[in-house]
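Biologist: Could you take me through one part of this model up close? I'd like to hear about the largest cavity and what surrounds it.

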Amino acid sequence: MEGPTPVSALIHAATMVTAGVFLVLRLSFFLEYNSNILIFISIIGAMTAVFAATVAVFQVDVKKVIAYSTCSQLGYMLLSCGVANYTVAFFHLVNHAFFKALLFLSAGVVIHAMHDEQDLRRLGGLGRLLPFTYVMVLVGSLALIGFPFLTGYYSKDLLLEMAYVKSGYMINANFVYTIGVITAGITSFYTFKSLFIIFLSDPFNYKQNYKDIHEGSLVLLLPLFILFLGSLFFGYLVKDLFLGLGTDIWCNSFYYDYRNLVIMEPELLSQYIKQLPLFCSYVGVSMAYACVFNVKMKNKYNFL
């Protein structure tokens, strides 16, 4: 993952790579009149989400893991566009900007502290040395996997629930919902695998590189704290503004046919369907813990 980390944070969180999703959202007026295009978009989005998440599992560059995570989340947004849930897709796009920028900038702090080292196989043991950054990465990771009541939870879970609701009358919805749930488990696995290796595993670098490790200056940490607050509270504070019944924030930005409004139907889903993505996330975290701490190998980092 080349380039300065702040530039990566801007590009992957809020600007360049999200431009394609925003374009699709703005073209919703045209897409609504061709169901075949919507099916194509949703399938491409679902396959992008699972493919990019799978690639992220095998990356050893800490920034590449986060970069492929962005690609996977963009697949989620296109998945939502393909089942005609444009407002939910945009809500996830905005929420994603907070915790993805937080993860990228936190990775920059880690790289700076470790003298420009980005290889996961040469990191480790930083939880006590960089406690503030550890908390930032932990919250960003929990928001990314959709942990309850954090920002990512209010858009990611609703996105999948809406896809399941549409399965009754859209041929592609059931498929993309299944792929989305599987991707949720993979996302949790690679996210917490990286977190466990960087902060909680044994140190795996030269001793002199750990002697002068310290947290960054206020200039580095203040943006992290602002994004930390957004990752905690933004989704809860604006969910009614973005998705509430009768909200007029969108005006004519997206096509939103109120005759087909199904925003309330997810409330009627069984708890098994609603909690399935969260269960897959817990399975992914457990597998990551097992891989990092319980795999007995000659070199415990061979699985990377």
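**Around the largest cavity**

Modeller: Sure, and keep in mind that this is a predicted model. Let's start with the make-up of the wall: the residues lining the largest cavity split into 12 nonpolar, five polar and one charged. The space they enclose has a volume of about 190 Å³. There are 18 lining residues, and those closest to the centre are Val-62, Ile-66, Leu-103, Val-137 and Ser-194. As for where the lining comes from, helix 5, helix 6 (86-113), helix 7 (131-144) and helix 9 (173-200) each give two or more residues. Helix 9 is the biggest contributor, with six residues. If you go looking for other holes, the structure holds two cavities of 30 Å³ or more.

Now follow one of those wall helices, helix 5, which covers residues 62-82. Helix 5 also packs against helix 8 (residues 151-166), at an angle of about 40° and with the axes 10 Å apart. An angle like that falls outside the roughly parallel range, which stops at 35 degrees, and short of the roughly perpendicular one, which begins at 65, so helix 5 and helix 8 count as oblique to each other. The crossing of helix 5 past helix 8 is left-handed. On the helix 5 side, the residues in contact are Gln-73, Tyr-76, Leu-79 and Ser-80, and they meet Lys-156, Leu-159, Leu-160 and Ala-163 of helix 8. Sorted by type, that contact has five nonpolar residues, two polar ones and one charged.

How values were computed
Residues are numbered from 1 along each chain as its sequence is written. This is a predicted model: local features need pLDDT of at least 70, side-chain atom pairs count only at pLDDT 80 or more; totals for chains, interfaces and linings use all residues. Side-chain values use heavy atoms; hydrogens and water are left out. Axes are lines fitted to C-alpha atoms, for helices over the stretch in contact, and angles run from 0 to 180 degrees between N-to-C directions. Helices (H or I, at least four residues) and strands (E, at least two) are DSSP runs, numbered from the N terminus. Angles under 35 degrees count as roughly parallel, over 145 as roughly antiparallel, 65 to 115 as roughly perpendicular and the rest as oblique. A crossing is left-handed if the near helix is turned anticlockwise from the far one by less than a right angle, and right-handed if clockwise. Contact means heavy atoms within 4.5 Å. Ala, Val, Leu, Ile, Met, Phe, Trp, Tyr, Cys and Pro count as nonpolar, Asp, Glu, Lys and Arg as charged, and the others, Gly among them, as polar. On a 1 Å grid over the protein atoms alone, a cavity is a set of points where a 1.4 Å probe fits but cannot get out, and a pocket is an open set with protein on both sides within 12 Å along at least five of seven lines; lining residues have an atom within 4 Å of a point. Grid points are joined across faces, edges and corners, and a volume is the space filled by probe spheres set on the points.
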